[in-house]
Amino acid sequence: MSLEIELVPCLKDNYAYLVREGGLCAVVDPSEAAPVKAALARHGGKLTHILNTHHHWDHTGGNLALKEEFGAEVVGPGKDRERIAGLDVGVTEDALWQFGSHQVRVLEIPAHTKSHIAFVFDDERAAFTGDTLFAMGCGRLFEGTPDMMWSSLSKLMKLPDDTRIYCGHEYTMSNGRFALTVEPDNADLQARMREVESLRAKNAPTIPSTIALEKKTNPFLRPNSAEIRRTLGLEKASDVEVFAETRRRKDAF
Ligand code: ZN
Ligand code: FE
């Protein structure tokens, strides 16, 4: 059976996602309960699972209220048990987790937090990347090093090109503006920004992205770009050094 994925805007710029298959319905990263309940009510649905990519409150704030109302099972990083409100099932990279007929792969992608994970539905070409990989951006390094983030992003880059990327925030416009400062001549980036500007002018989401599009336009996945290296004055540096400098510049952008 195929999955249905619905975006649920939360707070100012967060996205939760409803993921449905048959009688099952999961929500990914519910910042708050109210918009998730409203989205469920529109379909007369019941929530069976809550999936968390990491412990930050803007990804777990709705856990307890939703769990209490629906008896939904909370699934999240097993290595962060104490920090995930209401966690029932702790998952790790070593084991598949089953959602209906779908085998879901867990990727451990630390650095934004030390136990951040992604949920990957391989058969549906869909990945929920939380605050690690954004459209044209990546998460801040709150609990990890540039090395750690680069290896987490490299792991995501191995997903098939047509994998859809569902991330935790609508940061695309400001990410793209930053991207243009380090790689102004990237034609794919320029074209994407025109599209993003027209979507945002209509207040429409820019999500999902795809791995292919991120590889062409996301500066954090492009430390081998000659133009980025030239802009940063790091022609001879390693990929991690270029990544780290790109991240530093974005922090100050
Ligand atoms: Zn976060
Ligand atoms: Fe967040």
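In this predicted model, Cys 138 touches Thr 132, Met 149, Leu 153, Phe 220, Phe 243 and Arg 247, leaving aside residues up to four places away in sequence. The cysteine is found in strand β12, which covers residues 137-138. With a relative accessible area of 5%, Cys 138 falls under the 20% limit and is therefore buried. One of its partners, Leu 153, lies 15 residues away along the chain, and the C-alpha atoms of the two residues are separated by 8.4 Å.

Attention now turns to the helices, beginning with α1. This helix spans residues 33-43, and its buried residues are Ala 33, Pro 35, Val 36, Ala 39 and Leu 40. An α-helix has 3.6 residues a turn, so residues three or four places apart point the same way. The buried residues of α1 pack against three strands, β1 (4-10), β2 (14-21) and β3 (24-28), and against helix α3 (63-70). Just after α1 comes Gly 44, which takes a positive phi of about 60°.

The packing of α1 with α3 can be described in further detail. Their axes are 9 Å apart, and the angle between the two helices is about 40°. That angle makes α1 oblique to α3. On the α1 side, the residues that meet α3 are Ala 33, Val 36, Lys 37 and Leu 40, while α3 contributes Ala 65, Leu 66, Glu 69 and Phe 70. By class, this contact of α1 with α3 has 6 nonpolar and 2 charged residues, with no polar ones. Ala 33, Val 36 and Leu 40 are among the buried residues of α1 and also take part in the meeting with α3.

A further helix pair is formed by α5 (residues 172-182) and α6 (residues 187-201), whose axes come within 10 Å and cross at roughly 155°. Because this angle is over 145 degrees, α5 and α6 are roughly antiparallel to each other. The crossing in which α5 passes α6 is left-handed. From α5, the residues in this contact are Thr 172, Met 173, Gly 176, Arg 177, Ala 179 and Leu 180; they meet Leu 189, Gln 190, Met 193, Val 196, Glu 197 and Arg 200 of α6. The contact of α5 with α6 divides by class into 6 nonpolar, 3 polar and 3 charged residues.

Conventions
Residues numbered from 1 in each chain as written. Chains lettered and ligands numbered in written order. Predicted model: local features only at pLDDT ≥ 70, side-chain atom pairs only at ≥ 80, totals over all residues. Heavy atoms only, no water. Helix = DSSP H or I, 4+ residues; strand = E, 2+ residues; numbered from the N terminus. Buried < 20%, exposed > 50% of the residue type's maximum accessible area, 1.4 Å probe, protein only. Contact = heavy atoms within 4.5 Å. Axes fitted to C-alpha atoms, helices over the stretch in contact; angles between N-to-C directions. Parallel < 35°, antiparallel > 145°, perpendicular 65-115°, else oblique. Left-handed = near helix turned anticlockwise from the far one by under 90°. Nonpolar A, V, L, I, M, F, W, Y, C, P; charged D, E, K, R; others polar.
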